[in-house]
Amino acid sequence: ELGNLLSRDFRGEMTVNGKTEKIEVPSNGKKAIDEKLPGILRYDRMVSQKVDVTIDRKMRGTLAFEGILCGRISGAPDWSRIPEVPFVNRIKPVSPADFSGSYQIAWSDSALHIRVKITDDRFFHEEFPAPEKRWNNDSLQIFFDTLLNARLKKTRGYDNDDYEYAVFPNAAGTSARVWRSLQPDIQLTLGTTAPRSKAFEPEIPAKFMRTDTGYVYEVTFPAKYLLPIRLTKGSAFGFSLFVNDRDNTAGRVKSALTLTPDGTPSYNTPHLWPVILLWDGK
């Protein structure tokens, strides 16, 4: 989208990834221009995108990100039919046999479904009296940039349209609860009925299951707890997962899997989160 702040019409040329075309934008107006992404989005892995834009050979900008398609389903997810995407980026490398994993995503008209399968040589989760500190365990953090605007801002960090959720297992590894660390401004969500941040959310169901090689998280976000995201084909939003690994009572998390670039956190970095595009599963 091009914005013209001048009091006269703008006429010139725009070059996008080497393709040049004439453009006109009315005074004090805007114009949306559709361009194909350089890479075809997929369901089974992230695809890197880089868009270079030059206007009249003077103004230049680059938008780079990773994106993935999220397929539509009806009813409960059949995870055997949904692509499993391996985590490739992490904080502090360790052996894959020690800590590695994959994730799956799907959407319906009423909910967004996420499954994370982890290989971990030891499960550990301490139920701290202060729930907000329980991320410092084997745990899963989930992030949403609902308006997909973080890369367009000059300032970095959370703003009023971002969510931070976490899935905390119990110490026995037999169940899990969803903790809401941060939610958008209530005017973007449920108004005066919006639930508060820093609280467990009983209406977001989660499961935690131990396996022979690790464990599995499953969480279902009802549509109302993702607002202002709209669960419709063509909706896009920023998204990240951050899986923490802690092995014992000594010290802190020793490693983590992330959807942000290698060595970078997901916490408070929405400009680094990949993009999900909701599609029809075909």
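Phe208 is a good place to start: this residue counts as buried because its relative accessibility is 3%, under the 20% cut-off. Keep in mind as you look around that the model is predicted. Phe208 belongs to a little story about aromatic rings, told first below, and the protein as a whole follows.

**Aromatic rings**
- Searching the whole structure turns up 18 aromatic pairs.
- One of them joins Phe208 and Tyr217: the ring centres lie 5.1 Å apart with the planes at 65°, so this pair is edge-to-face.
- Tyr217 is buried too, with a relative accessible area of 1%.
- Tyr217 also pairs with Tyr215, and here the centres are 5.8 Å apart and the planes stand at 90°, so this pair is edge-to-face as well.
- Tyr215 has 0% relative accessibility and therefore counts as buried.
- Elsewhere in your tour, look for one aromatic cluster formed by Phe144, Tyr163, Tyr165, Phe221, Phe237 and Phe239.

**Fold and overall shape**
- The protein has 19 strands and zero helices.
- Its radius of gyration is 21 Å, which agrees with the value near 19 Å for a compact globule of 282 residues.
- Along the principal axes, the C-alpha atoms fill a box of roughly 65 × 45 × 40 Å.
- Of the contacts between residues at least 6 apart in sequence, 60% link residues at least 24 apart.

**Inside and surface**
- Buried residues make up 49% of the 282 in the protein.
- The exposed area is about 14,700 Å², with 51% of it supplied by carbon and sulfur atoms.
- There are 39 positive and 35 negative side chains, and the centres of these two sets lie 3 Å apart.

Key: Residues are numbered from 1 along each chain as its sequence is written. This is a predicted model: local features need pLDDT of at least 70, side-chain atom pairs count only at pLDDT 80 or more; totals for chains, interfaces and linings use all residues. Side-chain values use heavy atoms; hydrogens and water are left out. Helices (H or I, at least four residues) and strands (E, at least two) are DSSP runs, numbered from the N terminus. The radius of gyration is taken over C-alpha atoms; the globule rule is 2.2 Å times the number of residues to the power 0.38. Buried means under 20% relative accessible area, exposed over 50%, partly exposed in between (1.4 Å probe, protein chains only). Contact means heavy atoms within 4.5 Å. Accessible areas come from the Shrake-Rupley method with a 1.4 Å probe; for residues, only the protein chains shown count as cover. Lys and Arg count as positive and Asp and Glu as negative; His and the chain ends are not counted. The place of a charge is taken as NZ of Lys, CZ of Arg, CG of Asp or CD of Glu. Rings of Phe, Tyr and Trp (its six-membered ring) pair if their centres lie within 6.5 Å; planes under 30 degrees apart count as stacked, over 60 as edge-to-face and the rest as tilted.
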